[in-house]
Structures are given as structure tokens and as C-alpha cells.
Amino acid sequence: MELKKIKLHGFKSFDKPTELDIYPGLTGIVGPNGCGKSNILDSLQWVMGETSYKNLRGSEMDDVIFSGTDTSASRNFAEVSVVLAENKLSHKNDSDNEYEIRRRIERNSGSKYFINSIEKRAKDVQLFFADNSLGPHSVSIVKQGNINQLIEAKPSERRKILEEAAGISGLHHRKHEAILRLNATKANIERINDIINEINTQLSSLKRQYNQAEKFKIIAARIRQFEKELLQIDWNTLTDRENELKNQISTKENTIKLQKNKINDLQIKEGTLKKQIQPIRDNYNSTSEEIQKKNSSLLNIKNEIQYTSERINNTRNQISIIKQDIHREEKNLADHKDQLQKLAIKKEELQRNLNEINKIEHEVLE
Ligand code: ATP
Ligand code: MG
């Protein structure tokens with residue numbers, strides 16, 4: 001693998017997008033102290049999957065994001081891409097064998113990795129570099145002060161460096177992963193054994209429950225059989241009863257039929273009688289009217305009779321009063337006649353007296 005290009009944007013002191021082309025042969029970066037030379041090596045380590053912010057000379061991972069200067073504002077993300085190509089000796093077509101590996105970090109959100117713009121897990125990227133004898137701690141990267149460390153390293157660490165140089169660190173990485181998986185599988189087997197033990201303890205209680213369930217099934221089957229028989233008995237009784245009721249219903253239906261026939265006959269008779277009754281009813285009505293009229297005229301006559309008899313009585317009373325009056329008047333007349341006779345006698349007496357007086361007077365006068 002050959003490193004062809006490094007692209008930085010927002011990484012540490014590289015505020016603006018910066019591209020560094022690495023040409024065949026030796027490439028050197030020269031600059032004053034603090035100009036950012038080591039930051040470029042940090043960016044290489046970072047894009048290869050470095051997880052320790054200490055190795056990147058920061059106090060947290062977000063420290064790799066450009067934190068701003070007097071003239072530029074801070075950024076919220078940092079991005080580093082590296083373009084790698086297979087050795088030209090084994091491959092003729094360049095573009096087929098180029099890989100662009102990109103890591104992007106956003107403040108408070110963690111990192112994302114991409115291989116040729118396809119998002120990948122950190123592990124995939126680390127494995128990709130390991131397979132190519134590269135990585136954040138690869139011997140290919142010798143940082144400031146690393147030479148001293150190499151000289152003072154323990155034999156085991158030196159062996160690691162040699163293995164990496166021999167290009168078998170990928171196998172080690174895979175072996176490590178395989179051991180991790182093996183351990184995880186062992187832990188799983190132990191868990192499964194625990195579960196089996198637990199299940200074995202549950203099994204005896206389940207067996208007891210199973211036996212009870214079997215007994216229950218037998219008893220339940222017998223109960224069902226009895227219930228079936230009871231239902232059969234009920235069924236027979238109900239069928240007998242049904243037949244009986246059906247017979248009763250057919251008898252009742254016959255009776256109803258007969259009664260209906262009778263009703264028909266009676267209705268026919270009713271029709272004839274209605275026809276016969278009509279003139280009688282008319283006659284009755286006219287007779288009733290006549291009787292009513294007669295009754296009313298009888299009442300009139302009665303009233304008249306009463307009125308006439310009252311008048312007769314009145315007249316009789318008047319006659320008797322008149323008779324009394326006549327009787328009284330006759331009596332008065334008799335009295336008057338009597339008085340008149342007496343008066344005629346008196347008159348005769350008086351005439352005689354007058355005659356005597358006249359005679360006397362005459363005599364006197366004479
Ligand atoms: P030397 O020659 O001394 O080794 P150098 O060129 O390696 O120096 P670096 O260590 O790469 O320099 O860069 C250090 C500079 O990077 C410092 O000026 C520091 O302020 C700047 N720097 C580091 N992290 C950030 C960041 N997150 N944002 C802005 N600037 C940063
Ligand atoms: Mg430096």
C-alpha cells in the first residue's frame with residue numbers, strides 16, 4: 001500500500017481544507033516549531049482508528065476539532081481522509097486499486113468512518129489497515145520521540161514491531177478477535193450449562209406437573225364421557241318429549257282445521273242471516289220510528305188530557321163558586337123581597353098615616 005494523499009479539514013490547527021500530495025520517493029514537511037507538522041502525523045493515526053486521545057496529545061477526543069484562533073472561529077467537526085493505492089507492480093490500473101478512508105468527528109457526537117464514501121464500523125477500518133500492516137500504532141509511523149522508545153523497548157514489544165514489519169499483525173489482530181470470540185463462546189457455553197442445570201431442576205417439577213396433567217387428562221376424559229352419556233340420556237328424553245309434543249301439535253292442528261271449517265260454515269250462515277236480518281232490521285227501524293212518533297203524540301195527547309181535565313176542574317170550581325154566589329144572591333134576593341114586603345107594608349101604613357094626616361090636614365084646613 002502506498003499513501004498518496006492526506007486531506008485535512010477542521011483537524012487541529014488545519015482550519016481550512018488542506019490537501020497534501022505524497023509523491024513517490026521521499027516527502028518531507030518542513031516548518032517552524034508549532035506550525036503543525038506533528039498534527040499531520042496525529043491525523044494519520046486518527047484516521048487509522050486511534051481511540052486514545054492521549055496518543056493524540058489531547059485531553060478528550062473533541063480536542064482534535066479546530067478550537068479557533070484570534071482570527072478564526074472554532075469549528076464543530078473535523079475530517080481527515082487518506083488516499084491509499086495498491087503497489088503499482090501488482091496492479092496496472094490505478095483507479096481500481098485506490099481507497100479513500102475518511103474519519104469525521106462532530107462535537108459531542110463521536111466519530112464516523114467511511115471507506116470509499118460507504119460508512120463502515122471503526123473495527124472494519126482498523127482491520128483494513130491491519131491487513132495492510134498499517135494502523136495507528138504501526139511501525140510505519142514513527143513519531144517524535146519514538147526512536148528512543150524503540151531502543152528502550154522490551155523484547156516482547158520489539159517482537160510486535162518486527163511482526164508488524166513482517167506484515168502479520170493483521171493475523172494477530174484476527175487472532176485477538178478470534179480469542180475474544182472464543183472467550184465469548186466459552187462464556188455462552190457456561191451460561192448454557194447454567195441454563196441446562198436450571199432446566200434440569202425445573203424438569204423434575206415439570207415431570208410432576210406432566211404426571212398430574214396426564215391424570216387430569218384421564219379424569220377429564222372420563223368426566224367428558226359421563227357428560228356425554230348424561231347428554232345422550234337428556235337427548236333421548238327430549239326426543240321422546242319432542243315426538244309427544246309433535247303428536248299433540250298434529251292433533252291440535254286437526255282440531256284447529258275442524259274449528260276453522262266450522263268457522264267457515266258459521267261465516268257462510270252469518271252471511272245468509274245478515275242478508276235475512278237486513279229487511280227485518282229496516283222494518284224494526286221504521287217500526288221503532290213509528291212507535292217513537294206514536295209515543296210522542298201519546299205524550300201530547302196525555303198532556304192535552306191533563307190540561308183539559310185541569311181546565312174542567314177549574315171550570316167546576318168556578319161553577320161551584322158561581323153556584324155559591326147564586327145561592328148567596330138568592331138568599332140576598334129573598335132578604336131584599338122580605339125587606340121590600342116589609343117596606344110595602346110600612347109604605348101602606350105610612351100611606352094610611354099620610355092619608356089620615358092629609359085628612360086631618362084637610363079637616364084642619366077646612
Ligand atoms: P515542533 O516542531 O515543536 O514539533 P510542530 O510543527 O510539530 O512543532 P504541532 O505540535 O504539530 O507543531 O502543532 C502544535 C500547534 O497546533 C499548536 O500551535 C497548537 O495551538 C495547534 N493546535 C493543536 N490542536 C489544535 C486545535 N484543536 N485547534 C487549533 N489549534 C490547535
Ligand atoms: Mg512536532
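In this predicted model, L8 sits opposite T18 of strand β2. On the β3 side, L8 stands opposite V80. That makes L8 a handy place to start reading the sheet, with one partner in β2 and another in β3. Strand β1 spans residues 2-9, and its pairing with β2 is antiparallel, held over four bridges. The pairing of β1 with β3 is antiparallel too, and here seven bridges do the joining.

Stepping back, the sheet is an open one made of six strands, and reading across it gives the order β2-β1-β3-β4-β5-β6, with antiparallel pairing. The edges are taken by β2 (18-21) and β6 (118-120); each has a single partner strand, so one side of each has no neighbour in the sheet. From one strand to the next, the twist averages 20°.

Back at the β2 edge, L20 is one of the residues in that strand. How buried or exposed is L20? The count is 16 other C-beta atoms within 10 Å. Buried would take 20 or more and exposed 12 or fewer, so L20 comes out as partly exposed. Leaving aside residues up to four places away in sequence, L20 touches K5, I6 and I40. As for I6, it lies 14 residues from L20 along the chain, yet the two C-alpha atoms are separated by just 5.1 Å.

Next come the helices. Helix α1, residues 37-47, lies across β1, β2, β3 and β4, and runs at about 80° to β3. In this stretch, β3 covers residues 77-85 and β4 covers 98-106. Helix α2 lies across β4, β5 and β6 instead, at about 50° to β5. So which residues of α2 are buried? Within this helix, residues 122-131, they are V125, Q126, F128, F129 and A130. After α2 comes S133, and its phi is positive, near 55°.

At the other edge of the sheet, strand β5 (residues 110-115) is joined to β6 by three bridges, and the two run antiparallel. One of the pairs here is I115 with I118, the latter being the bridge partner in β6. The loop between β5 and β6 holds N116 and also S117. What is the sign of phi at N116? Its phi is positive, near 45°, in a residue other than glycine. For S117, phi is likewise positive, near 65°, again in a residue that is not glycine. As a rule, most residues other than glycine have a negative phi. Both loop residues are also out in the open by C-beta count: N116 is exposed, with 10 other C-beta atoms within 10 Å, and S117 counts as exposed with 8 such neighbours inside 10 Å.

Finally, there is ligand 1. Which residues come nearest to ligand 1? Out of the 15 residues around it, these are S13, N33, K37, S38 and N39. Of these, K37, S38 and N39 fall within the residue range of helix α1 (37-47). By residue class, the shell around ligand 1 divides into nine polar, three nonpolar and three charged.

Note on methods:
Residues numbered from 1 in each chain as written. Chains lettered and ligands numbered in written order. Predicted model: local features only at pLDDT ≥ 70, side-chain atom pairs only at ≥ 80, totals over all residues. Near = placed C-beta within 6 Å. Nonpolar A, V, L, I, M, F, W, Y, C, P; charged D, E, K, R; others polar. Pairing = 2+ DSSP bridges. Axes fitted to C-alpha atoms, helices over the stretch in contact; angles between N-to-C directions. Contact = placed C-beta atoms within 7 Å.
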